[in-house]
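Here is a short set of exercises to work through with the model open beside you. Try each task before reading its solution.

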Amino acid sequence: MLEALDLAARRGLARLFSGLSFRIESGQALVVTGANGTGKTTLLRMLAGLSMPSDGQIRWNRVAVAPFSPAVRAEVAFAGHLPALKDELSAEENLGSMVALAGATVSRDAMLRSLDGVGLLRQRSLPARVLSQGQRRRIGLARLTLYARPLWILDEPVTALDGSGAALLSQMITGHLEAGGLVVAATHAPLDLPATRVRSLNLA
């Protein structure tokens, strides 16, 4: 269970939001919308334990989230709005680097299956610099399936994806929810998810 209790955030002297509270349970997704500059990314970073709210509290499974806590890191898969790739590394090497940075250990066969699942098996040896933006985004999607993280936090995950990529993303999220996972996604684009599993939060 993920809870936010009276959260507030500021950027400099400007207030982004305040009095923000919500709760999502196992199998639920929170879809966060709002105009640019309303604090969507700030909120996601707070939920991932990467920054502190200016007020309020975040709880994961009833325990307060401490910034940069190893315990929180082990439970969260955070995907920022830009793919964190090194241009000189191949798709497979970038995926391996992501897994290592997350503190996980997976086999090469598992990585290849994951790349195949997002349609990048044939491109696995190509350097990231020659891949399209959509293909680069798919590398980030591949890592979500590689290690068990109950909470996925996704910042603009549909960006650069074509229709098939967006459909694949929705299928992945739905599968994660059906397996009992939780998802928080900030997006300007619609996600095709089961309505009964989705809660909405507009930061406008």
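**Exercise 1. Find the salt bridges in this predicted model and say how many a search of the whole structure gives.**

Solution. The search returns four salt bridges. To accept a pair, check that a side-chain nitrogen of Lys or Arg lies within 4 Å of a carboxyl oxygen of Asp or Glu. Here are some to check:

- E25 with R23, at 3.2 Å from N to O.
- D87 with R136, at 3.0 Å from N to O.
- R138 with D162, at 3.4 Å from N to O.

**Exercise 2. Take the salt bridge between E25 and R23 and decide whether each partner is buried, partly exposed or exposed.**

Solution. Start from the cut-offs: buried is under 20% relative accessible area, exposed is over 50%, and partly exposed falls in between. E25 has 32%, so this residue is partly exposed. R23 has 41%, so the label is again partly exposed.

**Exercise 3. Locate D87 and R136 along the chain, then classify their burial.**

Solution. First confirm the pair: their side chains meet in a salt bridge of 3.0 Å. The two residues belong to distant parts of the chain, 49 residues apart, with D87 in the loop between β6 (76-79) and α3 (91-101) and R136 in helix α5 (residues 133-144). Next, apply the cut-offs. D87 comes out as partly exposed because its relative accessible area is 36%. R136 has 12%, so this arginine counts as buried.

**Exercise 4. Do the same for R138 and D162.**

Solution. This salt bridge spans 3.4 Å from N to O. The link again joins distant parts of the chain: R138 sits in helix α5, while D162 is in the loop between β7 (151-155) and α6 (163-178), 24 residues apart. R138 is buried because its relative accessible area is 14%, whereas D162, at 45%, is partly exposed.

**Exercise 5. How many residues of α5 are buried, and which elements do they pack against?**

Solution. Count first: ten of the twelve residues in α5 are buried, which leaves the helix mostly covered. Among them are R136 and R138, alongside others including I139, L141 and L144. Then look for their neighbours: the buried residues pack against β6, α3, α4 (108-117), β7 and α6.

**Exercise 6. Describe how domain 1 and domain 2 meet.**

Solution. Begin with the bounds. The domain assignment gives domain 1 as 2-75 + 149-202 and domain 2 as 90-147. Their centres, taken over C-alpha atoms, are separated by 23 Å.

Now turn to the interface. Contacts involve 16 residues of domain 1 and 13 residues of domain 2. About 1200 Å² is buried between the domains, and carbon and sulfur atoms give 60% of that area. On the domain 1 side, R149, L168 and M172 supply 41% of the area buried against domain 2, more than any other three residues.

Finally, look at the polar part and the elements. One salt bridge is counted between the two domains, and six residue pairs are in polar contact across the interface. β7 and α6 each supply at least two residues to the side of domain 1 that touches domain 2. Of the elements there, α6 gives the most, with five residues. That side divides into eight nonpolar, three polar and five charged residues.

Methods
Residues numbered from 1 in each chain as written. Predicted model: local features only at pLDDT ≥ 70, side-chain atom pairs only at ≥ 80, totals over all residues. Heavy atoms only, no water. Buried < 20%, exposed > 50% of the residue type's maximum accessible area, 1.4 Å probe, protein only. Helix = DSSP H or I, 4+ residues; strand = E, 2+ residues; numbered from the N terminus. Contact = heavy atoms within 4.5 Å. Domains from an automatic or database assignment. Buried area = accessible area lost by both parts, 1.4 Å probe. Polar contact = N/O pair within 3.5 Å; in protein donor to acceptor, adjacent residues only side chain to side chain. Nonpolar A, V, L, I, M, F, W, Y, C, P; charged D, E, K, R; others polar.
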